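Trainee: Got a minute to go through this model with me?
Mentor: Sure, put it up and ask away.

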Amino acid sequence: MEERKRDIEKWMSYRNLPDDLKQRIRKYGEYTWKQTRGIEEEALLRSLPIDLRLETKRHLYLNLLKGVPLFEGIDDGWLLAAVCNRVKYVFYSADSYIVKEGDPLEEMLIITKGKLKSTTRSHEIGEELKAGDICGQLLFNSSCLPTSTRTIITLTEVEGFTLSPDDVKFVASHFNHLQSVIHKQMSRQGLETEVGFKVF
């Protein structure tokens, strides 16, 4: 750990990064070390044979995904297993931008822990997002990368899962109810839904 910290400090100094960015990188490094003890989890999972990778990801992620309102309606075991295989765990430190209004949406974020704020240029007072909410639902009905209609910033440390555009389309094509819920939400512009989650 100490050697890795020194390497990161040297690299940040060499690149002349601003102090606030250095601090956020340090916080991220400390958090990931606490969570993984230095193991590159995604790399380790990718290196496993498919059967071990799937079983491990199901063990790590299935219960968390079942707690997300968007996936509560999935009663098909293979589809939940497929979602487990496709999601990627992410962590963001406080005051991190997830996406800025007008930038391309490159992934969908499913929040499992923490709080975020969603704002638009016309509304500085934003909506608060929390566990169970989703950012990036525009990926559900776009053939190319859509641009974000909101700026999303973390208020606290945030954990969650991301799905790439291809993975979002895979899930949506196998789960029609999911698509209808998302389309309803898009027309409501982020209001609370009958199933109790927000999408942005």
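What follows is a quick chat about the fold, a helix, two loops and a pocket.

Trainee: First off, what kind of model is this?
Mentor: It's a predicted model, so keep that in mind throughout.

Trainee: OK. How many helices and strands does the protein have?
Mentor: Seven helices and eight strands.

Trainee: And what share of the residues is buried?
Mentor: Of the 200 residues, 42% count as buried. The accessible surface comes to about 11600 Å², and carbon and sulfur atoms make up 50% of that.

Trainee: What about contacts between residues far apart in sequence?
Mentor: Take the contacts with a separation of 6 or more: 70% of them are between residues 24 or more positions apart.

Trainee: Let's switch to H4. Which residues are buried there?
Mentor: Arg 53, Lys 57, Tyr 61, Leu 62 and Leu 65. The helix itself covers residues 50–66.

Trainee: Hang on, there's a lysine in that list. Why does Lys 57 count as buried?
Mentor: Because its relative accessibility is 5%, and the cut-off for buried is under 20%.

Trainee: What is Lys 57 in contact with, leaving aside its neighbours within four places in sequence?
Mentor: Leu 45, Leu 62, Cys 84, Asn 85 and Val 87.

Trainee: Where does H4 bend?
Mentor: At Leu 60, by about 40 degrees.

Trainee: New topic: backbone angles. Which loop holds Asn 16?
Mentor: The one between helix H1 (2–14) and helix H2 (19–36). Asn 16 has a positive phi, near 55 degrees, though the residue isn't a glycine.

Trainee: Is Asn 16 buried or exposed?
Mentor: Exposed, because its relative accessibility is 65% and the exposed class starts at over 50%.

Trainee: What is phi for Asp 95?
Mentor: Near 65 degrees, again a positive value in a residue other than glycine. Asp 95 is in the loop between strand S1 (88–92) and strand S2 (97–99).

Trainee: Last thing, pockets. What volume does the second largest pocket have?
Mentor: About 190 Å³.

Trainee: How many residues line the second largest pocket, and which lie nearest its centre?
Mentor: There are 15 in the lining, and Ile 98, Val 99, Leu 105, Glu 106 and Glu 107 lie nearest the centre.

Trainee: How does that lining split by class?
Mentor: Nine residues are nonpolar, three are polar and three are charged.

Trainee: Great, thanks!

Definitions and conventions. Residues numbered from 1 in each chain as written. Predicted model: local features only at pLDDT ≥ 70, side-chain atom pairs only at ≥ 80, totals over all residues. Heavy atoms only, no water. Helix = DSSP H or I, 4+ residues; strand = E, 2+ residues; numbered from the N terminus. Buried < 20%, exposed > 50% of the residue type's maximum accessible area, 1.4 Å probe, protein only. Contact = heavy atoms within 4.5 Å. Areas by Shrake-Rupley, 256 points an atom, 1.4 Å probe, with all protein chains shown as cover. Bend = angle between axes of the 7 residues up to and from the residue. 1 Å grid on protein atoms, 1.4 Å probe; cavity = no way out; pocket = protein on both sides within 12 Å on 5 of 7 lines; lining within 4 Å. Points joined across faces, edges and corners; volume = space filled by probe spheres on them. Nonpolar A, V, L, I, M, F, W, Y, C, P; charged D, E, K, R; others polar.
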